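Colleague: I would like to learn how to read side-chain features from a set of coordinates. Could we take them one at a time?

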Amino acid sequence: MSLVKRICGAYCLVIAALAALNFMLTPVYNDPSANYPVWVILNWFMAVAVVITIVASVHAKVASDRQGDGPVDRAWISTNLLFMAMVVMTIWWFWNWLSTHFPGTEVFEVFEISEVVVYIHLAMWAFFNPLYVLTSGFAGWRLWREAADG
């Protein structure tokens, strides 16, 4: 199990670093009319990291809850904070990502303002990606440390 945690932790850390780097450099190298081809590829890897991170945070939350009522300490706060952030992150991230794969499913497009919807989805990535980097990076670091601790 230690090897699996180490691999998953390293994967999340690397993808979080790539997402952070790409997020900062996208305005420099990309023409928006090209539909962000690097993000199209990177998002598939990010989706795997989101799943790994939500599974790891649920696992940590369940393990923390099994210990019963105890003091509110650093471990409890970090476990619960990561869990709550990952629930929000997973909902937001997959909603926005799947909307790019299934255009025409938005209620707003019925009212013929689809161009506005596209811009809303693009703008939402500016909120999701920093949260993604923090949650995936923290979960990856936690998995890496847990693997090292045995």
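Modeller: We will go through aromatic rings, burial, charges over rings and a surface patch. Keep in mind that this is a predicted model.

Colleague: How is a pair of aromatic rings described?

Modeller: Two quantities describe such a pair: the distance of the centres and the angle of the planes. Take Trp93 and Phe94 here: their ring centres are 5.1 Å apart and their planes stand at 85°, so the pair is edge-to-face. The cut-off for that label is an angle over 60 degrees.

Colleague: How many aromatic pairs does the count come to?

Modeller: The count comes to seven aromatic pairs. Ring pairs also link residues into a cluster, made up of Trp44, Trp92, Trp93, Phe94, Trp97, Trp125 and Phe128.

Colleague: Are Trp93 and Phe94 buried or exposed?

Modeller: Buried means a relative accessible area under 20%, and exposed means over 50%. Trp93 has 0% and therefore counts as buried. Phe94, with 22%, is partly exposed.

Colleague: Which residues does Asn43 touch, once those up to four places away in sequence are not counted?

Modeller: Asn43 touches Trp93, Trp97 and Trp125. Those three tryptophans belong to the ring cluster. Asn43 itself lies in helix 2, residues 37-66, and is buried at a relative accessible area of 8%.

Colleague: What lies over the face of Phe83?

Modeller: For a charge over a ring, look at the distance to the ring centre and the angle from the ring normal. Lys61 lies over the face of Phe83, 5.9 Å from the ring centre. The limit on that distance is 6 Å.

Colleague: Where is Lys61 found, and is Lys61 buried or exposed?

Modeller: Lys61 is found in helix 2. Its relative accessible area is 18%, so Lys61 is buried. Leaving aside neighbours within four places in sequence, Lys61 is in contact with Thr79, Asn80 and Phe83.

Colleague: Which residue has its charged end over the ring of Trp144?

Modeller: That is Arg6, whose charged end sits 4.2 Å from the centre of the Trp144 ring.

Colleague: Turning to the surface, which residues make the nonpolar patch?

Modeller: Leu21, Phe23, Met24, Leu25, Val28, Tyr29 and Val38 make a nonpolar surface patch of about 650 Å². Helix 1, residues 2-29, supplies the largest share, six residues. One of the patch residues is Val28, which lies in helix 1. Val28 counts as exposed because its relative accessibility is 68%.

Definitions and conventions. Residues are numbered from 1 along each chain as its sequence is written. This is a predicted model: local features need pLDDT of at least 70, side-chain atom pairs count only at pLDDT 80 or more; totals for chains, interfaces and linings use all residues. Side-chain values use heavy atoms; hydrogens and water are left out. Helices (H or I, at least four residues) and strands (E, at least two) are DSSP runs, numbered from the N terminus. Buried means under 20% relative accessible area, exposed over 50%, partly exposed in between (1.4 Å probe, protein chains only). Contact means heavy atoms within 4.5 Å. Rings of Phe, Tyr and Trp (its six-membered ring) pair if their centres lie within 6.5 Å; planes under 30 degrees apart count as stacked, over 60 as edge-to-face and the rest as tilted. A charge sits over a ring if NZ of Lys or CZ of Arg is within 6 Å of the ring centre and within 35 degrees of the ring normal. Patches are made of residues with over 30% relative accessible area and no salt bridge: like charges are joined within 9 Å, nonpolar side chains (Val, Leu, Ile, Met, Phe, Trp, Tyr) within 5 Å. Accessible areas come from the Shrake-Rupley method with a 1.4 Å probe; for residues, only the protein chains shown count as cover. A salt bridge is a side-chain nitrogen of Lys or Arg within 4 Å of a carboxyl oxygen of Asp or Glu.
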